[in-house]
Amino acid sequence: MSVVPFDRVVVDPAAADYSFTRRFLGRCPGDVPVSESHIKPRGRRSVFVTREPGSFLKPCPCSPGVVRCGYWVLSPVFQCPFQCSYCFLRFYAPEEPLTLYANLEDAEVQFRKQVREWDGPVRLGTGEFADSLALDGWTGHADWLLGLVAEYPQVLLELKTKSAEVSALLARPALPNVVAAWSLNPGARVASDERGTASLSARLAAAVSVAEAGYRVAFHFDPVVLGAGWEDAYRDLVRQLAATVAPDRVAWVSVGTLRFPPHFLERWGRTLAGRSEYFDDMLPGSDGKLRSFWPLRRRAYRVMEEELRRWGGSELPVYLCMESPEMWQSTFAYEPAEGEVAAVLTRGCG
Amino acid sequence: MVGVRHWRTADPRDVIVANEIFSFSWPTAADHRDLQRSLGRRGVLRPLLCVAGKGSQLALVAGGRRLAWAGSVGLKAVPVAVLEDCGPGELWGRLLADAQDHRPLNPVEVGLYLRRRTAHTGETLGALESEVLPALGLSSRAAAAEDVLWVSGLPPEHRHGFADGSRPLHAARLLRGASPEDSLAVLAVTHGLLGGINKFTDLVRILLECAWRDGVPVAEWVATHGLDSTATGLEALREQVRRRRYPHLSRWEEAFPAAVAGAGLPSRVSIHPPGGFEGGRYQCRMTFSTLDELHQNLLTVLERLEEGRLAPLQEFLA
């Protein structure tokens, strides 16, 4: 288990009696103070154990006008202990504590109900509002999730992380419907902009160990940041991956360039002063999000596509994250039909 | 405590301007002219708001300009409303009602009102959320007051634009996110420039983003790039900054019309890029009034294509 990323725990009285809470507190280091209060603490160095009063599950909101990949999100955690420069959580929820929802029994009920409603295979992840594995040494979420999806082969669970915390995966026989995924950036970018995360080499080593244990793995080149020397850096990154992981163990690869919510730079640009790569020619698209000027992004996707195909061939499932049909056409020379991406990524599942 | 208002007349010399704490008026030049014109035609019609002072004197809380005018023209009596048994909160409520009875407050005045009221009464903005902020035209949450508080704290020469509406409050939202040095530098470089409020706001945004991108203060960035706002209008300055903020887009925007012009298309055929060139799908538009004309246009476009004269557009396509 890595360095403890929190220094206090507050338990909501409404969550005190859940088995998750007892297990979590049992795993917490003895020197981390624990108190009980219904008042949410501030800051990501605090853990708040509480109840999720609503739904744990929802379709990935995606963005209007882009090609959708049919992802679903299950969120037993809100907030991330890592501090990536470009992460929307850093800006969207800067003062939110690491929030753990203890009523996992409710999540299970919601999940089983939803599974009955899904028509065909579905990709499900826990990495939208949190890192799937960063806190796993204390939460045990991975083990719980593996148990949950084991009986549903049509549900393809993706555990997406920037950590190297894979012990829960290695402790069980590999499941065919579980994919361990890593967000990747060049080593220098990891060092400068992904504070608290595992190094690139540690992530790749973790991916190898999981792949050797029989799991499929996935990689997300997201965000590709178009700073000076980006092309060489990302080509090298793919080559490092290619030298480490066999493509036949790879479930999918996604690529996405840096994007920000509308008005992001107006509001937060000052905190990124001097980092020219975060300003670029960032323009609002039809969905309002800021993205790099079209030909710059297109170049990035073409470079990544070229390198990834060199490694994985034409069979490697590669998709663009939150990009328009026009960008798919321009990069891959085809536009996927509605539902096609989801179908390709879940092929053979269930 | 319920305030009581007595109406009477008083000699202007008996009305003392005790202090400025109650003053939140920041009239525009037009407001000044309107007031002078009104006083000149009709005299002081609106009573001055006062509280009891020492002896027979009255302490002025609202109406300083009316009082000054009355003194300047030698009036012997002005109407006054004397507030008695008035708690601080109610006094400020009366002041607001009196001011709004005259004309709507501008953003600087709204900010000054909140600053002076909270300083005088010790009330928090949160305590004013439900009644006072809506009465000022703001939504009922303390954060809604941040922009007006910011503009009311500017040096006087920069307040006027926000008071008369030539500087939009949305720009204040952008500027207060910058350092004080940068926000004042932006206001200085745009001082006196006239133009649409959307263009002004856009100029503020791209100026700040340029300086942030390059990691230098706004004043240094402007000097380094040799931008002289006095020699240009707002639109020209915005265009200069925009070219530096979006260098790749600007190059395309300049090159594209040249590429189209070089194709030698008929005057009634035009080619239009998508906004920001996003998506790489272009429109070719033809206007025609006869089928023969349409036919001729199509033939000419086809000829130009075959001659390779549209080849320079290739760079812009998907």
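## A salt bridge with a buried end

Let's start with one residue: B:Asp147 is buried, with a relative accessible area of just 5%. Keep in mind that this is a predicted model. B:Asp147 has a partner, B:Arg176, and their side chains meet in a salt bridge with N and O 2.5 Å apart. The partner sits in another setting: B:Arg176 has 29% relative accessibility, so it counts as partly exposed.

Where do B:Arg176 and B:Asp147 lie in the chain? B:Asp147 belongs to helix 6 (residues 146-152) of chain B, while B:Arg176 is in the loop between helix 8 (169-175) and helix 9 (180-189). That puts them 29 residues apart, so the pair links distant parts of the chain.

## More salt bridges

Over all chains, a search of the whole structure turns up 53 salt bridges. One of them joins B:Asp11 to B:Arg13, with 2.7 Å between the closest N and O atoms. Here B:Arg13 is exposed, because its relative accessibility is 61% and the cut-off for exposed is over 50%.

Over in chain A, A:Glu305 and A:Arg309 form a salt bridge too, at 3.4 Å from N to O. How far apart are these two in helix 11 of chain A? They are four residues apart, so about one helical turn separates them. Here's the background: an α-helix has 3.6 residues a turn, so residues three or four places apart point the same way. A:Glu305 is buried at 17% relative accessible area, whereas A:Arg309, at 24%, counts as partly exposed.

## Rings and charges

Now for the aromatic side chains. The structure holds 28 aromatic pairs over all chains. One of them is B:Trp92 with B:Tyr113, an edge-to-face pair with 5.4 Å between the centres and 75° between the planes. B:Trp92 comes from helix 3 (residues 88-102) of chain B and B:Tyr113 from helix 4 (residues 107-121), so this pair, 21 residues apart, also links distant parts of the chain. Are these two residues buried or exposed? Both B:Trp92 and B:Tyr113 are buried.

Some rings gather in a bigger group: ring pairs link A:Phe293, B:Trp252, B:Phe256, B:Phe277, B:Tyr282 and B:Phe316 into a cluster. Charges can sit over rings as well. The charged end of B:Arg167 is over the ring of B:Phe200, 4.1 Å from its centre, and B:Arg159 lies over the face of B:Trp26 at 4.5 Å from the ring centre.

## A mostly hidden helix

Helix 10 of chain B (residues 197-214) has 18 residues and spans 26 Å from first C-alpha to last, close to the 26 Å expected. Why is helix 10 described as largely enclosed by the rest of the structure? Because 14 of its 18 residues are buried. Just after the helix, B:Gly215 takes a positive phi of about 70°.

## Where the two chains meet

What about the contact between chains? 26 residues of chain B touch 25 residues of chain A. About 2100 Å² is buried between them, and carbon and sulfur atoms give 56% of that area. On the chain B side, B:Trp212, B:Glu278 and B:Arg281 lose the most area to chain A, together 27% of what that side buries.

How many salt bridges are counted between chain B and chain A? There are four. B:Glu278 also takes part in a salt bridge with A:Arg297, at 2.7 Å from N to O.

Conventions: Residues numbered from 1 in each chain as written. Chains lettered and ligands numbered in written order. Predicted model: local features only at pLDDT ≥ 70, side-chain atom pairs only at ≥ 80, totals over all residues. Heavy atoms only, no water. Phe/Tyr/Trp six-rings, centres within 6.5 Å; stacked < 30°, edge-to-face > 60°. Buried < 20%, exposed > 50% of the residue type's maximum accessible area, 1.4 Å probe, protein only. Lys NZ or Arg CZ within 6 Å of the ring centre and 35° of its normal. Expected span 1.5 Å × (residues − 1). Contact = heavy atoms within 4.5 Å. Buried area = accessible area lost by both parts, 1.4 Å probe.
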